[in-house]
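Here are a few short exercises to work through with the model open beside you. Try each one before reading its solution.

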Amino acid sequence: MSEVETGRMLLSHNFDISNDIFPELSLQEFTQVFIDGLSQYDGVKCRQVNHPHWMVEILFPKNSFSPPQIGEMCADALVNKRISHQNKDDNFPDILILAGVKKTPPLSDSPDTLQTGEWGVDVVETASAEKFLTELGWEEKTEGKTIDNVFKVERLKS
């Protein structure tokens with residue numbers, strides 16, 4: 001029997017909404033979203049990391065889940081958490097999962113640093129996904145890249 005290869009993603013949080021409109025999650029709350037939201041999936045493990053940029057580590061069995069599938073699960077977990085916080089008059093955020101494989105050497109030898117070949121994921125909460133992606137230059141930055149190198153998951157308010 002072959003050994004299960006483990007994939008790794010590190011998540012950061014980009015909160016692009018006024019706190020007056022929707023409350024920002026603390027590091028602990030943000031981490032708990034994914035611990036709770038992904039706990040139902042066999043072999044998927046989440047933990048908080050000690051890093052100035054990365055907040056959450058997700059380990060997953062590559063033979064069971066693709067990175068985009070994990071991205072979809074992350075988006076769903078955050079949507080479900082935000083729905084549970086929502087008041088009728090809240091402006092629900094657009095949620096983006098923007099992911100790319102690290103191609104360059106790591107910046108540190110810390111175990112909580114993104115390593116070459118691992119997925120860095122920006123979890124974005126924004127009032128306008130379209131505006132955020134335009135300002136970021138997402139299309140230009142990802143042009144010609146395949147789903148093996150980069151992916152985007154969108155959950156837009158209706």
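**Exercise 1: two rings**

Phe 65 is buried, with a relative accessible area of 13%; buried means under 20%, exposed over 50% and partly exposed in between, with a 1.4 Å probe and protein chains only. This is a predicted model, where local features need pLDDT of at least 70, side-chain atom pairs count only at pLDDT 80 or more, and totals for chains, interfaces and linings use all residues. Residues are numbered from 1 along each chain as its sequence is written, and side-chain values use heavy atoms, leaving out hydrogens and water.

Task: work out how the rings of Tyr 41 and Phe 65 are arranged.

Step 1. Rings of Phe, Tyr and Trp (its six-membered ring) pair if their centres lie within 6.5 Å; planes under 30 degrees apart are stacked, over 60 edge-to-face, the rest tilted.

Step 2. For Tyr 41 and Phe 65, the values are 5.9 Å centre to centre and 85° between the planes, an edge-to-face pair.

Step 3. Now check Tyr 41: with a relative accessible area of 26%, this residue is partly exposed.

**Exercise 2: another pair**

Task: classify the pair made by Trp 119 and Phe 151.

Step 1. Their ring centres are 5.1 Å apart and the planes sit at 50°, so this pair is tilted.

Step 2. Trp 119 belongs to strand S5 and Phe 151 to strand S6, 32 residues apart; strands are DSSP runs (E, at least two residues) and helices are too (H or I, at least four), numbered from the N terminus.

Step 3. Both Trp 119 and Phe 151 are buried.
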